[in-house]
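Please work through the following exercises with the sequence and the coordinates at hand. Each task is followed by a solution that goes step by step.

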Amino acid sequence: MGNNESIAGGQKAVPAKETYVWYKKFMREYPSGLQTLHEFKTLLGLQGLNQKANQHVDQVYNTFDMNKDGFIDFLEFIAAINLVVRGKMEQKLKWYFKLYDADGNGSIDKKELLNIFMAVQALNGQQTLSPEEFTNLVFHKIDKNNDGELTLEEFINGTEEDQDLLEIVSKSFDFSSVQKIIYDGNQPDTEGRFPSNLVTRLI
Ligand SMILES: [Ca+2]
Ligand SMILES: [Ca+2]
Ligand SMILES: [Ca+2]
């Protein structure tokens, strides 16, 4: 503990007073000081998903579990909130890149991207393009050197330049829905993907 620099890529931290309020909420909800994967899914109302979507949510959880001990502790939790609420677009894209790079080798290959789009489809319903078509389109657009791998640079540049793509990427884990849950805890008005009755307990 104590190395604030490393929290979610060094972005501005949540103010101390607010952090304390979050701390109290977190400890009330998770007295052991650790949030499990199951609790994470409950918090976001993401239970009962099919296998593909479920794997995707597991992957999201793993990106927040920075020390890879299988739990989200308070520092990791506050870093996640920081990213969701205060993160700049580039920080969020870096996070998405980490999420997509499932094997963590520093680049996204077609198979990894295809898996993501299949999960997104499982979560958000049918899209106009099939996951395969979409994967090919993305590589066609942003794999500048045509080597079948997206580097962080290709991913960030390509996504920032392309509004449609940015939108799809944003849908693969919807920060705005999460933000809504964090801040007002109301029943979501759109799509009902985050039935948030449980979440209000945290607010
Ligand atoms: Ca952890
Ligand atoms: Ca990879
Ligand atoms: Ca490339």
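**Exercise 1: Aromatic pairs**

In this predicted model, Trp 95 and Phe 175 are both buried. Describe the geometry of the ring pair that Trp 95 and Phe 175 form, and state which helices the pair ties together.

Solution. A pair of aromatic rings is described by the distance of the centres and the angle of the planes. For Trp 95 and Phe 175 the centres lie 5.2 Å apart and the planes make an angle of 55°, and the pair is classed as tilted. Trp 95 belongs to helix 5 (residues 89-100) and Phe 175 to helix 10 (residues 175-183), so the pair ties together parts that are 80 residues apart in sequence. Phe 175 also takes part in another arrangement, in that the charged end of Lys 92 sits over its ring, 5.2 Å from the centre. Ring pairs further link Trp 95 and Phe 175 into a cluster, whose members include Phe 40, Tyr 61, Phe 64 and Tyr 96.

**Exercise 2: A pair between helices 6 and 7**

How is the aromatic pair of Phe 117 and Phe 134 oriented, stacked or edge-to-face? Then find what Pro 131 contacts.

Solution. The rings of Phe 117 and Phe 134 are 4.7 Å apart, centre to centre, with 85° between the planes, and the pair is edge-to-face. Phe 117 lies in helix 6 (residues 110-124) and Phe 134 in helix 7 (residues 131-142), 17 residues apart, and the pair thus links distant parts of the chain. Both Phe 117 and Phe 134 are buried. Pro 131 is also placed in helix 7, and it is buried, with a relative accessible area of 8%. Once neighbours within four places in sequence are left aside, Pro 131 is in contact with Leu 114, Phe 117, Met 118 and Gln 121. For Met 118, the C-alpha atom is 5.6 Å from that of Pro 131, although the two residues are 13 residues apart in sequence.

**Exercise 3: The calcium ion (ligand 3)**

Identify the protein donors of the calcium ion (ligand 3), and explain why their arrangement is irregular.

Solution. The donors are supplied by Asp 143 (OD), Asn 145 (OD1), Asp 147 (OD), Glu 149 (O) and, with two entries, Glu 154 (OE) and Glu 154 (OE), at 2.2 to 2.6 Å from the ion. Along the chain these donors follow the spacing D-x1-N-x1-D-x1-E-x4-E. For six donors to count as octahedral, opposite donors must be over 155 degrees apart and all others between 65 and 115. The six donor atoms here subtend angles of 53 to 157°, which makes the arrangement irregular. As for accessibility, Asp 143 is buried at a relative accessible area of 5%, whereas Asn 145 is partly exposed at 48%.

**Exercise 4: The calcium ion (ligand 1)**

Which residues coordinate the calcium ion (ligand 1), and which spacing do its donors follow?

Solution. The calcium ion (ligand 1) is coordinated at 2.3 to 2.6 Å by Asp 65 (OD), Asn 67 (OD1), Asp 69 (OD), Phe 71 (O), Glu 76 (OE) and Glu 76 (OE). The spacing of its donors along the chain is D-x1-N-x1-D-x1-F-x4-E. The angles among the six donor atoms run from 52 to 158°, and the site is irregular. Asp 65 is buried, with a relative accessible area of 2%, while Asn 67 is partly exposed, with 44%. According to an unreviewed UniProt entry, residues 52-87 are one of the spans listed as "domain: EF-hand". In the model, the span of residues 52-87 is 72% helix and 6% strand, and its end C-alpha atoms lie 27 Å apart.

Conventions:
Residues numbered from 1 in each chain as written. Chains lettered and ligands numbered in written order. Predicted model: local features only at pLDDT ≥ 70, side-chain atom pairs only at ≥ 80, totals over all residues. Heavy atoms only, no water. Donors = N, O, S within 2.8 Å, 3.2 Å for Na, K, Ca; no water. Tetrahedral: all angles 85-135°; square planar, octahedral: opposite > 155°, others 65-115°. Buried < 20%, exposed > 50% of the residue type's maximum accessible area, 1.4 Å probe, protein only. Phe/Tyr/Trp six-rings, centres within 6.5 Å; stacked < 30°, edge-to-face > 60°. Helix = DSSP H or I, 4+ residues; strand = E, 2+ residues; numbered from the N terminus. Lys NZ or Arg CZ within 6 Å of the ring centre and 35° of its normal. UniProt positions renumbered as here; feature names shortened; annotations may be inferred. Contact = heavy atoms within 4.5 Å.
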